[in-house]
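Please open the structure in the viewer and keep the selection panel at hand. This tour proceeds from stop to stop, stating what to select and what is found there.

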Amino acid sequence: MQLFDFSLKFNGFDINKAKLALDDIQALHGDEFEDYLNNKRQEIVAFHLQYNSFYKSLGKNISLNDWDSVPVMTKRHLQQPLEQRLSNGYTKDAVYVNKTSGSSGDPFIFAKDKWCHALTWAEIMNRFSWYGIDFNTSKQARFYGIPLDKKGYYKERLKDWFSNRFRFSVFDLSDNAFERVLAKFKSTSFDYINGYTSPIVQFAKYLKRERVILKSVCPTLKVCIVTSEMLFDEDKTLLETQFGVPVVNEYGASELDLIAFQNPDDQWLVNHETLYVEILDDDDNVLPYGQEGRIVITSLYNKAHPFIRYDIGDVGVLSKESMLQKPILKKLIGRTNDIAILPSGKTAAGLTFYYITKSVIENDGNVSEFVIEQLAIDTFKIKYVSRRILTLNEETVVKQEMERYLEPNISIDFERVKILKRTKAGKLKQFVSKLNS
């Protein structure tokens, strides 16, 4: 029995029809695909101008024949009750409703009509199938958060059962917890791992200390798919070494869809079937392939709620090798609000600090994970979890590297902690600026 498909159908998501529709889109080539994309962009804008008062007030100066006249939406535009943002004919009870994680600092409730959400699942299932994963039959080892309230907890556990997955806690990353995780892998025929990057990396570090290759104790394992947090090259190497399977990088957003997925040719293929992805500069101009800018996305099918030229809050680069029917995400740099402001007035991506520190203090396996906080314009704190406290010499090396890559006269404080605070969803934010908090 195809239990996963059945659960989608039971909740009103016509997954069979969605899979056929996706096949039809993927069969388009050349001018046919360009016509499809232009028509869908125009259709979704026209629909919301006619049936959505929220969007109509935002897009007063839109010309349907001029895509550049379509305004860019931000998360701040969406900071109002969902009922005020729904299109005519849609109610909260008749759509898929969820809430963003708030990792951007602007959490909000959003909606998708059921057809749009069915297409989302068709897209996800299509990408996972590249690696031999079938949601109806493949067993998932899931490293995600889980609600701690009783109702939310059991709701997620029920969804896990229907989805043929076992969920591991991302809130306890101790060796004792990982010992239990490893025991579960030894006794369960998992087909794939899916979840947040940071706890999966910590599990791989545990396996390295224990000198265990995961596939040797769980031979059914095919692939590891990480999402939601940055995956650094050295961490990917660690995962592939300790798991003994390919590691795939996924980029998505709950309010939209799967945005990009690493294909077997090691390209981060952008979802061009149900989304339209652009890279814009600070003045909302479209940048050519190869240039860094804001990631702005249009959901081509969501009629319940407009996400049209929606600034997701991330910065990235589309490869120069990209084509309309094969856009490739070359680099995902981080969130636009993850910016460090230095005493000289210079700005730097917060992950720059993280990457520099990571290259210095993780070499000997002592530090398992850490975060960086900017407390003042010249003051940063590194909170870290480790087997022993950093020596004065190690702290000095970190400070020297920070100044070498960034600028002098910045203060770096260190604090060793037992655990790092994660979001309610279980995500770890590697850099946090508290300048405006």
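Begin by selecting helix α8, residues 197-210. This helix has 14 residues, and its first and last C-alpha atoms lie 20 Å apart, close to the 20 Å expected at 1.5 Å a residue. The expected span is 1.5 Å times one less than the number of residues. Helices (H or I, at least four residues) and strands (E, at least two) are DSSP runs, numbered from the N terminus. The model is a predicted one, in which local features need pLDDT of at least 70 and side-chain atom pairs count only at pLDDT 80 or more, while totals for chains, interfaces and linings use all residues. Residues are numbered from 1 along each chain as its sequence is written, and side-chain values use heavy atoms, with hydrogens and water left out.

Now colour α8 by accessibility. A residue is called buried under 20% relative accessible area, exposed over 50%, and partly exposed in between (1.4 Å probe, protein chains only). Eleven of the 14 residues of α8 are buried, so the helix is largely enclosed by the rest of the structure. Among them are Pro199, Ile200, Val201, Phe203 and Tyr206. Glu210, also in α8, is partly exposed because its relative accessible area is 43%. Select Glu179 together with Glu210: the two are 31 residues apart in sequence, yet their C-alpha atoms are 9.7 Å apart in space. Just after the helix, Arg211 takes a positive phi of about 60 degrees.

**Aromatic residues**

Two of the buried residues of α8, Phe203 and Tyr206, lead to the next stop. Which residues form one aromatic cluster with them? Select Phe143, Phe166, Phe168, Phe178, Phe185, Phe190 and Phe243, which form one aromatic cluster together with Phe203 and Tyr206. Rings of Phe, Tyr and Trp (its six-membered ring) pair if their centres lie within 6.5 Å; planes under 30 degrees apart count as stacked, over 60 as edge-to-face and the rest as tilted. By this rule the model holds 28 aromatic pairs. One of them joins Phe166 and Phe168, edge-to-face, with 5.0 Å from centre to centre and 70 degrees between the planes. Phe166 is partly exposed, because its relative accessible area is 29%, whereas Phe168 counts as buried at 5%. Another edge-to-face pair consists of Phe307 and Tyr310, at 4.9 Å centre to centre and 65 degrees between the planes. Both Phe307 and Tyr310 are buried.

**Salt bridges**

Next, display the charged side chains. A salt bridge is a side-chain nitrogen of Lys or Arg within 4 Å of a carboxyl oxygen of Asp or Glu, and the count by this rule is 23. Select Asp160, which forms a salt bridge with Arg165, the closest N and O atoms being 2.5 Å apart. Asp160 also forms a salt bridge with Arg167, at 2.8 Å between the closest N and O atoms. Asp160 and Arg165 are buried, and Arg167 is buried as well.

Move to Asp266 and Lys236, whose side chains meet in a salt bridge of 3.3 Å, N to O. Asp266 lies in the loop between β8 (257-262) and β9 (268-270), and Lys236 in helix α10 (residues 233-243), so the pair ties together parts that are 30 residues apart in sequence. Asp266 counts as exposed at 51% relative accessibility, while Lys236 counts as buried at 15%. Then return to Asp160: salt bridges that share partners join Glu156, Arg157, Lys159, Asp160, Arg165 and Arg167 into one network.

**Helix α12**

Select residues 392-405, which form helix α12. The 14 residues of α12 should span 20 Å at 1.5 Å a residue, and the end C-alpha atoms are indeed 20 Å apart. Which residues of α12 are buried? Glu394, Glu395, Val398, Glu401 and Met402 are buried. Seen down the axis of α12, these buried residues fall within an arc of 125 degrees, so they line one face of the helix. The arc is that of the directions from the helix axis to the C-beta atoms. An α-helix has 3.6 residues a turn, so residues three or four places apart point the same way. On the other side of α12, select Leu392, Asn393 and Arg404, which are exposed.

**A loop**

For the last stop, select Thr91, in the loop between α4 (53-58) and β1 (96-99). Thr91 is partly exposed, with a relative accessible area of 44%. Add Ala111 to the selection: Thr91 and Ala111 are 20 residues apart along the chain, and their C-alpha atoms are separated by 9.5 Å.
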